[in-house]
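Open your viewer and get ready to click along with this short tour. We will go from the meeting of two chains to a sheet and a helix.

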Amino acid sequence: MVEYTKPLPRQEDPELTQPFWDAAKRHELMIPRCARCDSYFWYPRAACPSCLREDWEWASVSGKARLHTFTIVRQPSNPAFEPDVPYVYAVVQLDEGVRMISTLVDCEVPDDVAVDMPLEAVFDDVTDDWTLVKFRPA
Amino acid sequence: MSARGKAAIAGFYEIPTEKELPGRSTYSVLAEVARGAITDAGLRAEDIDGLIGQETLNSMTLAEVLGLKPRYTASMTVHGASGASSIATATAAITAGLADYVLCIFGESRQRSSSRAIAVAAAQRTGGPGNRGSEWEAPFGPVIAANGGYGLMKQRHMFEFGTTQEQFAKMAVDERTNALENPNAVWKGQPITIQDVLDSRFTNEPLHLLESVMPCSGAAAVVVTSAERARAMPHPPVYVLGIGGPATTHDTIWQEDEITTTPTAMTAPAALRMAEYNINDMQFAEFYDCYTILAMVCLEDAGFCEKGEIGAFYDSTDTTYSGEFPVNTDGGQISAGQPGGNAGGFRHVVEATRQVMGRAESRQVEKSDLCMVNG
């Protein structure tokens, strides 16, 4: 396996966010959901940003999404991304309403990229330990 | 109790913005503008009893280095909005009787290459404590500094409202026209056209290089005092009639509820209510412009046009210093430069002060009584 040189996720609070990464490794997308106020949110944080309660749960979601907005990168800050240029740095809105940062795969950049295009999650096992959630045209 | 008209800016000092200031330290440029602003206000250093400074240098260190003994002190921590926020905070402190003469001071002497070097180092760092960015953004290859976030904002604005690259470029060109009359501007003497902006490379599509700021070195300071005291000082007082903020909803741009709406939608109405004026009473504007997209969205959110109509506004409005509605009359940060230590955002305060005092020389606007400043 070719050595993976791009940054892997560095967690601020592994106890808090590990369930997301464990799910991704199983090729499942899980995001925080607050049952008390019936709201999803992203990114995971100590308390639900809608009602400040800390007893939120992880919810499995479909991975269906739309491209909320994006920027095309030709000069990445990190040289490890040079082989990928031009690539898409995206804000993806899941059908559940939350928005996350990701990138697009399986599409021509920039010709096939447009705001609001339907997407679906794909799971990229970049190393034995880490799986990144990316998106492709649906 | 409203702070309307209770405080005023009584003096200012700005050094030219440069790509680099070789041989000078940040403390050196801050000392120069502190002296300059205090002198401009007709005061002595021992008169200063309030001190408000930048995010990167806490106000205790600043007081020690400058030899000041403020009884009220604060550091602004709202990134680019820190400069404008210092005036809101100084006004509140003066109105509450916490200080009589507040020095608001921002600046930095930095190495020209430092921002890219810092970004590359941060992007490559593999150890140390994680944070929101290192976990949820870095694995996907973000671009340098704020370029990424504002590229996202601009793309969405173009999608929602049909704003065109030519309309963004028009703002950059108007600002450059203003900068040609500003001896303190880093891009003085270098006119540009709309085609030049469109032909400049994408830092990250859809953002062009010529509609983005360049991190620079520079510094500025102002003295804020009570309106009553200001009336007895050498320059015409620049009254603070209304303030809104410092307000915020987010730290990283993609966490905004609507990426094309800024907290200016909260602060501008609040400021106008306090000032007892309507948006259409404003004669010119000095608006934070790290990128054309941010200034243009904030102008919309303030109400200078309907939401989404800022492109058409720029098509039909001459925003140069001699135009019908001047914006960023010193060239703004895009054309005058973005000095570090939050001095980029502070330049809008300094330029508003200069214009209202009638000291803007060849770029003096015709009607200079009422200005809205946005951080």
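The stops below start at the interface and then move into chain B. Keep in mind throughout that this is a predicted model.

**Stop 1: the interface.** Show chains A and B together: 33 residues of chain A are in contact with 32 residues of chain B. On the chain A side, select β4 (64-73), β5 (87-94) and β6 (99-102), the elements that each give two or more residues to this surface. Of these, β4(A) provides the largest share, with six residues. Now colour the chain A side by class, and you should find 16 nonpolar, ten polar and seven charged residues.

**Stop 2: strands across the chains.** Stay with β4(A) and add residues 202-205 of chain B, which are strand β5(B). The two strands run antiparallel and are joined by two bridges. For a close look, pick Val73(A), whose bridge partner in β5(B) is Asn204(B).

**Stop 3: a sheet in chain B.** Next, display the six strands of chain B in the order β3-β2-β4-β8-β1-β9, an open sheet with mixed pairing. Because β3 (72-75) and β9 (238-240) of chain B are at the edges with a single partner strand each, one side of each has no neighbour in the sheet. On average, neighbouring strands here are turned by 25 degrees against each other, direction ignored.

**Stop 4: one edge and its helix.** Zoom in on β2(B), residues 50-53, which runs parallel to β3(B) and is joined to that strand by four bridges. Select Ile52(B) and look across to Ala74(B), its bridge partner in β3(B). Finally, add helix α2(B), residues 59-66, which packs on the sheet and touches β2 and β3 of chain B. The direction of α2(B) makes about 120 degrees with that of β2(B).

Key. Residues numbered from 1 in each chain as written. Chains lettered and ligands numbered in written order. Predicted model: local features only at pLDDT ≥ 70, side-chain atom pairs only at ≥ 80, totals over all residues. Contact = placed C-beta atoms within 7 Å. Nonpolar A, V, L, I, M, F, W, Y, C, P; charged D, E, K, R; others polar. Pairing = 2+ DSSP bridges. Axes fitted to C-alpha atoms, helices over the stretch in contact; angles between N-to-C directions.
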